[in-house]
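Student: Please take me through one part of this structure in detail. Pick a single residue on a strand and work outward from there.

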Amino acid sequence: MISSDIRINGALIAHVHAKNISNATGRGMARYAWTYHDIESGKVEHGEVIHIRDDGAAFLIAEILLVRTKKMKGGHRAS
C-alpha cells in the first residue's frame, strides 16, 4: 500500500492511494488499484495500473497521475 498527498503552497489539494492487488511480491510487474481524492470537489476516482516494482514508488504515483490525466482528457494527453 502507498499513499501520497499533493499540496500547493502547503494546502492539500489531492490524495492518491494505491494497493497491490496482484500476488506479486518480488520486483517484477504488479497490478495496483488506485484511488484519487480531489479535496476541493470531494470527487473520488478509481482505477488500476500495471507497475514494474523495480521502477520504485515515485514512478508508481507518477503512473497513476498520468493515467488519471489521460482519463480526464478523454484518453489524449494535453499539449
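Tutor: Start with a cut-off. Buried means under 20% relative accessible area, exposed means over 50%, and partly exposed lies in between. Ile50 has 44% relative accessibility, so Ile50 counts as partly exposed. Keep in mind that this is a predicted model.

Ile50 has company on the surface. Together with Met29 and Ile52, Ile50 forms a nonpolar patch. The accessible area of the three adds up to about 290 Å². For the whole protein, the exposed area is about 5,400 Å², and carbon and sulfur atoms supply 52% of it. Of the 79 residues, 23% count as buried.

Now the strand. Ile50 sits in β4, which covers residues 44–52. β4 belongs to an open sheet of four strands, ordered β1-β2-β3-β4, with antiparallel pairing. The edges are β1 (2–8) and β4; each has a single partner strand, so one side of each lacks a neighbour in the sheet. Neighbouring strands are turned by 25° against each other on average, direction ignored.

The pairing itself comes next. In general, strands of a sheet pair through backbone hydrogen bonds, either parallel or antiparallel. For β4 the partner is β3, residues 29–38, and the two pair in the antiparallel sense over nine bridges. One bridge sets Ala33 against Glu48 in β4.

One face of the picture is still missing: the helix. Helix α1, residues 57–72, packs on the sheet and touches β1, β2 (11–20), β3 and β4. The direction of α1 makes about 130° with that of β4.

Cross to the other edge. β1 and β2 run antiparallel and are joined by seven bridges. Asp5 stands opposite His15 in β2. The hairpin of β1 and β2 has two residues between the strands, and Asn9 takes a positive phi near 50° there.

Step back to the whole chain. The protein has one helix and four strands. Along the sequence the pattern reads β-β-β-β-α. Among contacts with a separation of 6 or more, 28% link residues 24 or more positions apart.

To return to the starting point: Ile50 is a partly exposed residue in strand β4, and β4 is an edge strand with a single partner. Ile50 shares its nonpolar surface patch with Met29 and Ile52.

Terms used. Residues are numbered from 1 along each chain as its sequence is written. This is a predicted model: local features need pLDDT of at least 70, side-chain atom pairs count only at pLDDT 80 or more; totals for chains, interfaces and linings use all residues. Side-chain values use heavy atoms; hydrogens and water are left out. Patches are made of residues with over 30% relative accessible area and no salt bridge: like charges are joined within 9 Å, nonpolar side chains (Val, Leu, Ile, Met, Phe, Trp, Tyr) within 5 Å. Accessible areas come from the Shrake-Rupley method with a 1.4 Å probe; for residues, only the protein chains shown count as cover. A salt bridge is a side-chain nitrogen of Lys or Arg within 4 Å of a carboxyl oxygen of Asp or Glu. Buried means under 20% relative accessible area, exposed over 50%, partly exposed in between (1.4 Å probe, protein chains only). Two strands pair if DSSP finds at least two bridges between them. Axes are lines fitted to C-alpha atoms, for helices over the stretch in contact, and angles run from 0 to 180 degrees between N-to-C directions. Contact means heavy atoms within 4.5 Å.
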